[in-house]
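Reader: I'm new to protein structures and I'd like to learn how to read one. Could you walk me through it, feature by feature?

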Amino acid sequence: MKRSHVVGAALVLLLAACGSGGSGEGPARHSGVRSDIDGDGYGDLVFGDSGATVNGKYAAGFAAVLRGSAKGPEDTDTPQVVTQDQLGFGKAGQGGNFGGSGTSVIADLDGDGRADLVTQAGRRTIFVVWGSDKGLSDGAKLTGSAPLTGDVDGDGHADLVVNSDEDTVRIQLGPFSREGTPRRTTSLDLPPSTVSHLAVPAALGDVTGDGKDDLLVSSGGLADGGLIADATTLYRGTADGTFVEGPRLKDAEGGDFHGAQLRTADVNKDGYADVVAGLACEMRGDPFPPEGGSRLEVVYGGRSGQSEKLKPLRITEKTAGLPVQGPFGYCSFGSRPAVGDVNGDGYADVAFAAETEKGGKDTVILLRGGADGLMTDGGQAVPGLTAMMLDTNGDRAAELVTTDEGKVEVLRGGPDGVETAPMLTVYGANLDLGPDITGTGRGFRPVG
């Protein structure tokens with residue numbers, strides 16, 4: 001059976017977290033900031049609308065960039081815009097969904113110090129749009145779906161992991177040529193798909209702390225054309241660019257750890273990436289809360305794939321110390337997790353969404369990382385439907401970028417957390433995207 005992937009048609013933020021910085025005189029050029037498209041040392045804000053109509057083609061989609069600076073993202077209504085039509089590989093068809101939610105990542109694939117946009121269009125095509133001094137430039141066309149990026153073999157170059165044919169994962173080792181050719185390619189065979197079972201790559205991160213990114217594979221049943229995860233298996237990265245099957249991760253109750261969305265980051269700064277899962281609701285024909293309730297869970301990394309010192313953490317709406325009190329809306333608590341370091345202390349923080357039952361307010365809950373793991377003390381709550389974290393001004397503290405009701409708000413990060421007054425607000429309906437793009441204005445969706 002062919003592997004399927006549901007592509008969203010909403011306007012999304014393709015935000016890559018993790019900042020660096022430089023001296024007091026400003027960040028050094030080509031500083032390695034993950035989302036630095038133009039190589040000036042500041043993280044750039046990249047967003048898109050996979051459902052936008054382009055040149056008369058419904059849901060052809062686009063991607064756009066607001067450049068970072070010492071003051072944060074540029075305050076402009078005219079971002080740089082890129083569509084599939086501009087890349088020279090043929091015109092986009094209806095439903096191509098270029099720049100789609102969950103199918104776009106940012107990484108420096110060619111090793112030139114500038115981040116590149118990697119985005120799926122259609123079922124089996126991936127475009128790489130190269131970064132340059134002037135922003136996104138020309139592109140390359142690859143085959144595959146659901147791209148993930150990381151350093152699988154630990155050589156310091158970004159690698160690309162994609163779904164290939166049926167139950168095969170293709171690992172393309174960087175650096176890439178500008179024609180889109182990787183240095184070398186390896187593959188991983190996953191357990192065969194059946195009518196009742198599917199396994200898909202979900203996230204990359206150095207969970208075992210050996211300098212090589214590991215692959216997290218979600219597995220479970222099928223419903224409504226998508227995966228309903230019920231387990232997570234870790235595949236260890238190796239120096240030759242292959243993956244070796246490791247353990248199934250266990251949750252706070254001793255069962256199989258899983259979630260609708262997985263993120264990786266070092267929450268307790270021990271050198272091992274931790275795995276964050278949001279499990280707000282499950283779909284098996286009809287929506288219902290998962291067993292144990294809607295929640296956010298954290299499995300702490302360790303040499304064997306899971307920490308022997310820190311027990312997994314489960315946070316529910318009844319957990320003490322949350323910055324906003326419930327009850328929360330049906331199937332909302334713990335959704336859309338995001339990771340980043342908003343206060344610049346080296347501990348990754350975690351944001352996730354919830355809807356308060358009283359008044360139906362969409363809320364982003366931000367919790368701090370620390371030596372003992374994720375904490376509820378000192379957390380913050382701000383309005384928003386989704387969130388992402390990235391350093392756009394080079395101060396090593398990530399901004400919290402929230403989206404809701406057709407707008408993006410950028411909240412400045414710092415030692416005390418995030419400022420509640422936005423440093424920038426962008427309304428999708430007000431952006432000048434050119435005469436060939438229509439149908440935008442609502443539905444911003446951050447991705448990790």
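Reader: Let me start with the rings. Which residues form one aromatic cluster?

Author: Before the answer, keep in mind that this is a predicted model. The cluster is made of F89, F98 and F127.

Reader: How do I describe two rings that sit together?

Author: Here's the general idea: you give the distance between the ring centres and the angle between the planes. In this structure there are 4 aromatic pairs to practise on. Take F98 and F127: their ring centres are 6.1 Å apart and their planes meet at 50 degrees, so we call the pair tilted.

Reader: Where do F98 and F127 lie in the chain?

Author: F98 is in the loop between β7 (80-83) and β8 (104-107), while F127 belongs to strand β10, so the pair ties together parts that are 29 residues apart in sequence.

Reader: And are F98 and F127 buried or exposed?

Author: F98 is buried, and F127 is buried too. Now try F328 and F333: with centres 5.1 Å apart and planes at 55 degrees, that pair is tilted as well, because an angle from 30 to 60 degrees falls in that class. Both of those residues are buried.

Reader: What sits over the ring of Y347?

Author: That would be the charged end of K269, 4.4 Å from the ring's centre.

Reader: Let's zoom out. How many helices and strands does the protein chain have?

Author: The count is 0 helices and 37 strands. As for burial, 58% of the 448 residues in the chain are buried. And if you take contacts with a separation of 6 or more, 50% of them join residues 24 or more positions apart.

Reader: With strands to look at, what should I know about their side chains?

Author: In a regular strand, side chains alternate between the two faces of the sheet. For a sheet in this structure, follow the order β26-β27-β28-β29: these 4 strands form an open sheet with antiparallel pairing.

Reader: Why is one side of β26 and of β29 left without a neighbour in the sheet?

Author: β26 (335-340) and β29 (373-383) stand at the edges and each has a single partner strand, so one side of each has no neighbour in the sheet. From one strand to the next, the twist averages 25 degrees.

Reader: How many bridges are there between β26 and β27?

Author: They pair over 4 bridges, in the antiparallel sense, with β27 covering residues 349-355. You can spot G340 standing opposite D349 of β27. Further along the sheet, 7 bridges join β28 (residues 362-370) to β29, also antiparallel. There, R368 has M375 in β29 as its bridge partner. β28 and β29 form a hairpin, with 2 residues between them.

Reader: Which strands make up the open sheet that contains β30?

Author: Its order is β30-β31-β32-β35, 4 strands with antiparallel pairing. β30 (386-390) and β35 (424-427) are at its edges with a single partner strand each, so each has one side without a neighbour in the sheet. The twist here averages 20 degrees from strand to strand. Strand β32 (residues 407-411) is joined to β35 by 4 antiparallel bridges, and E409 stands opposite T425 in β35.

Reader: Can we try single residues? Is S132 buried or exposed?

Author: S132 has a relative accessible area of 18%, and it counts as buried because the cut-off is under 20%. S132 lies in strand β10 (residues 125-132). A polar atom of its side chain is 2.7 Å from the backbone oxygen of G135. Leaving out residues up to four places away in sequence, S132 touches I37, D38, R114 and S137.

Reader: What does the side chain of S104 make a polar contact with?

Author: With the side chain of T119, at 2.7 Å. S104 is in strand β8, and at 5% relative accessibility S104 is buried.

Reader: One last residue: where is E74 found?

Author: E74 is in the loop between β6 (62-66) and β7. With a relative accessible area of 37%, E74 is partly exposed. Now compare sequence with space: E74 and L424 are 350 residues apart in sequence, yet their C-alpha atoms are 8.5 Å apart. Setting aside neighbours within four places, E74 is in contact with L66, R67 and L424.

How values were computed. Residues are numbered from 1 along each chain as its sequence is written. This is a predicted model: local features need pLDDT of at least 70, side-chain atom pairs count only at pLDDT 80 or more; totals for chains, interfaces and linings use all residues. Side-chain values use heavy atoms; hydrogens and water are left out. Two strands pair if DSSP finds at least two bridges between them. Axes are lines fitted to C-alpha atoms, for helices over the stretch in contact, and angles run from 0 to 180 degrees between N-to-C directions. Buried means under 20% relative accessible area, exposed over 50%, partly exposed in between (1.4 Å probe, protein chains only). A polar contact is a pair of N or O atoms within 3.5 Å; within protein, one must be able to donate a hydrogen and the other to accept it, and residues adjacent in sequence count only if both atoms are side-chain atoms. Contact means heavy atoms within 4.5 Å. Rings of Phe, Tyr and Trp (its six-membered ring) pair if their centres lie within 6.5 Å; planes under 30 degrees apart count as stacked, over 60 as edge-to-face and the rest as tilted. A charge sits over a ring if NZ of Lys or CZ of Arg is within 6 Å of the ring centre and within 35 degrees of the ring normal.
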